[in-house]
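Colleague: I'm new to this structure and would love a close look at just one part of it. Could you pick a strand and walk me through what surrounds it?

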Amino acid sequence: QVQLVESGGGLVQPGGSLRLSCAASGIISSIYTMGWYLQAPGKRRELVAVITSGSGINYADSVKGRFTISRDNAKNTVYLQMNSLKPEDTAVYYCNAKNDYVKGMEYWGKGTLVTISS
């Protein structure tokens with residue numbers, strides 16, 4: 001059974017930092033593109049950052065220079081370091097895994113809530 005379990009969300013003040021983690025089980029994450037997506041209340045889910053199996057990285061323009069995605073294949077874990085947080089970063093953050101070799105093989109975590117507020 002495949003599971004993606006996010007952790008690290010919480011309430012922080014504007015300008016603060018958080019580090020999200022996504023632990024994968026039931027898959028060999030090294031052959032997956034791992035990503036983080038966010039969904040704000042009343043809005044569609046959107047890409048934050050992805051890292052491919054070859055460690056190629058892509059960020060949404062809104063987080064460039066503030067967020068850093070990384071992966072530890074030995075731990076089957078992907079991270080999202082979030083700095084200089086803004087109130088508009090408030091959302092549920094979801095982990096995603098897409099198999100780079102099998103089309104349509106994709107998994108989602110249940111999400112972790114990030115709230116940026118003073």
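Modeller: Let's start with Leu38, which stands opposite Tyr93 in S9. A strand here is a DSSP run of E at least two residues long, and strands are numbered from the N terminus. Before going on, note that this is a predicted model, where local features need pLDDT of at least 70, side-chain atom pairs count only at pLDDT 80 or more, and totals for chains, interfaces and linings use all residues. Residues are numbered from 1 along each chain as its sequence is written, and side-chain values use heavy atoms, with hydrogens and water left out.

The strand I'd pick is S4, residues 32–39. S4 pairs with S9, residues 91–99, in the antiparallel sense over 8 bridges; two strands pair if DSSP finds at least two bridges between them. S4 also has S5, residues 46–51, as an antiparallel partner, this time over 5 bridges. Leu38 turns up again here: its bridge partner in S5 is Glu46. S4 and S5 make a hairpin with 6 residues between them, and in that turn Gly42 has a positive phi of about 75°.

How much of S4 is covered? Of its 8 residues, 7 are buried, meaning under 20% relative accessible area with a 1.4 Å probe, protein chains only.

S4 also feeds the largest nonpolar core, a set of buried Ala, Val, Leu, Ile, Met, Phe, Trp, Tyr and Cys residues joined through side-chain atoms within 4.5 Å. That core has 30 residues, and Met34, Trp36, Val48, Leu80, Met82 and Tyr93 touch the most other members. The elements giving two or more residues to the core are S3, S4, S5, S7 (67–72), S8 (77–82), S9 and S11 (112–116). As background, nonpolar side chains tend to be buried together in soluble globular proteins.

Now for the neighbourhood, taking contact to mean heavy atoms within 4.5 Å. Leaving out neighbours within four places in sequence, Leu80 is in contact with ten residues' worth of company, including Trp36, Val48, Ala49 and Tyr93. Ala49 sits in S5 and counts as buried because its relative accessibility is 0%. Not counting residues up to four places away in sequence, Ala49 touches Met34, Gly35, Trp36, Asn58, Tyr59, Ile69 and Leu80. Met105 is another matter: Ala49 and Met105 are 56 residues apart in sequence and 19 Å apart in space, C-alpha to C-alpha.

Methods. Buried < 20%, exposed > 50% of the residue type's maximum accessible area, 1.4 Å probe, protein only. Helix = DSSP H or I, 4+ residues; strand = E, 2+ residues; numbered from the N terminus.
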